[in-house]
Amino acid sequence: MTVRTIGVHQAPKVPCAWQRRMNRLETVVEPRVPEPAQLYSLIALTLVLHEPNPATGNCECCADTWPCEPARLAYRLREGF
């Protein structure tokens, strides 16, 4: 492989075979679990963690008044399914 330079300030010419190797499409790695299933499992986890404390009536996890914001959002997303 020879590299030609035309002038002092110009970049060397690169063979076309090298460019074709670099322009190949890369393989796409798909997630092992589909996205809706991942989202549903996160919703279920949020609803399990953010539950009301019977003694105080506040959220066990974040101590906000029940229903807390994460529980409200998780419930709304679950109803969207």
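Two residues are in contact here when heavy atoms of one lie within 4.5 Å of heavy atoms of the other. The model on screen is predicted.

**Whole chain**

Start with the cartoon view of the protein. Its secondary structure amounts to 3 helices and 0 strands, and the order along the sequence is α-α-α. Switch to a surface next. The accessible surface of the protein is about 7,400 Å², and carbon and sulfur atoms hold 58% of that area. Of the 81 residues in the protein, 7% are buried. Among contacts with a separation of 6 or more, 30% are between residues 24 or more positions apart.

**Helices α2 and α3**

Select residues 35-49, which are helix α2, and residues 69-80, which are helix α3. How do the axes of these two helices cross? They come within 9 Å of each other and cross at roughly 140°. Angles over 145 degrees would count as roughly antiparallel, and α2 and α3 are therefore oblique to each other. The crossing of the pair is left-handed.

Now show side chains at this crossing. On the α2 side, select Y40, I43, T46 and L47. On the α3 side, select P70, A71, A74, Y75, L77 and R78. Coloured by class, the contact of α2 with α3 shows 8 nonpolar residues, 1 polar residue and 1 charged residue.

Stay on L77, in helix α3. L77 is one of the residues that make the contact with α2. Its relative accessibility is 45%, so L77 counts as partly exposed. Then add L39 and draw a distance between the two C-alpha atoms: L77 and L39 are 38 residues apart in sequence and 8.9 Å apart in space.

Move along helix α2 to V48. Is V48 buried or exposed? V48 has a relative accessible area of 55%, so V48 is exposed. A C-alpha to C-alpha distance from V48 to C61 reads 9.7 Å, with their positions 13 residues apart in sequence.

**The loop between α2 and α3**

Select H50, in the loop between α2 and α3. Is H50 buried or exposed? With a relative accessible area of 11%, H50 falls under the 20% cut-off and is therefore buried. Which residues is H50 in contact with, leaving aside its neighbours within four places in sequence? Show C59, C61, C62, W66, C68, P70 and A71 around H50. Two residues of this set, P70 and A71, also belong to the α3 side of the contact with α2.

Next select G57, in the loop between α2 and α3. At 35% relative accessibility, G57 counts as partly exposed. The C-alpha atom of G57 is 9.0 Å from that of P67, and the two residues are 10 residues apart along the chain.

**Two backbone details**

Most residues other than glycine have a negative phi, and most peptide bonds are trans. The last two stops depart from that pattern, as the backbone angles show.

Select A63, in the loop between α2 and α3. What is phi of A63 near? Phi of A63 is near 65°, a positive value in a residue other than glycine. A63 has 54% relative accessibility, so this residue counts as exposed.

Finish at P67, in the loop between α2 and α3. Show the backbone atoms of W66 and P67 and look at the bond that joins them. What kind of peptide bond is it? The bond is cis, with omega about -5°. W66 was also shown at the H50 stop, where W66 is among the contacts of H50.

Note on methods:
Residues are numbered from 1 along each chain as its sequence is written. This is a predicted model: local features need pLDDT of at least 70, side-chain atom pairs count only at pLDDT 80 or more; totals for chains, interfaces and linings use all residues. Side-chain values use heavy atoms; hydrogens and water are left out. Axes are lines fitted to C-alpha atoms, for helices over the stretch in contact, and angles run from 0 to 180 degrees between N-to-C directions. Helices (H or I, at least four residues) and strands (E, at least two) are DSSP runs, numbered from the N terminus. Angles under 35 degrees count as roughly parallel, over 145 as roughly antiparallel, 65 to 115 as roughly perpendicular and the rest as oblique. A crossing is left-handed if the near helix is turned anticlockwise from the far one by less than a right angle, and right-handed if clockwise. Ala, Val, Leu, Ile, Met, Phe, Trp, Tyr, Cys and Pro count as nonpolar, Asp, Glu, Lys and Arg as charged, and the others, Gly among them, as polar. Buried means under 20% relative accessible area, exposed over 50%, partly exposed in between (1.4 Å probe, protein chains only). Accessible areas come from the Shrake-Rupley method with a 1.4 Å probe; for residues, only the protein chains shown count as cover.
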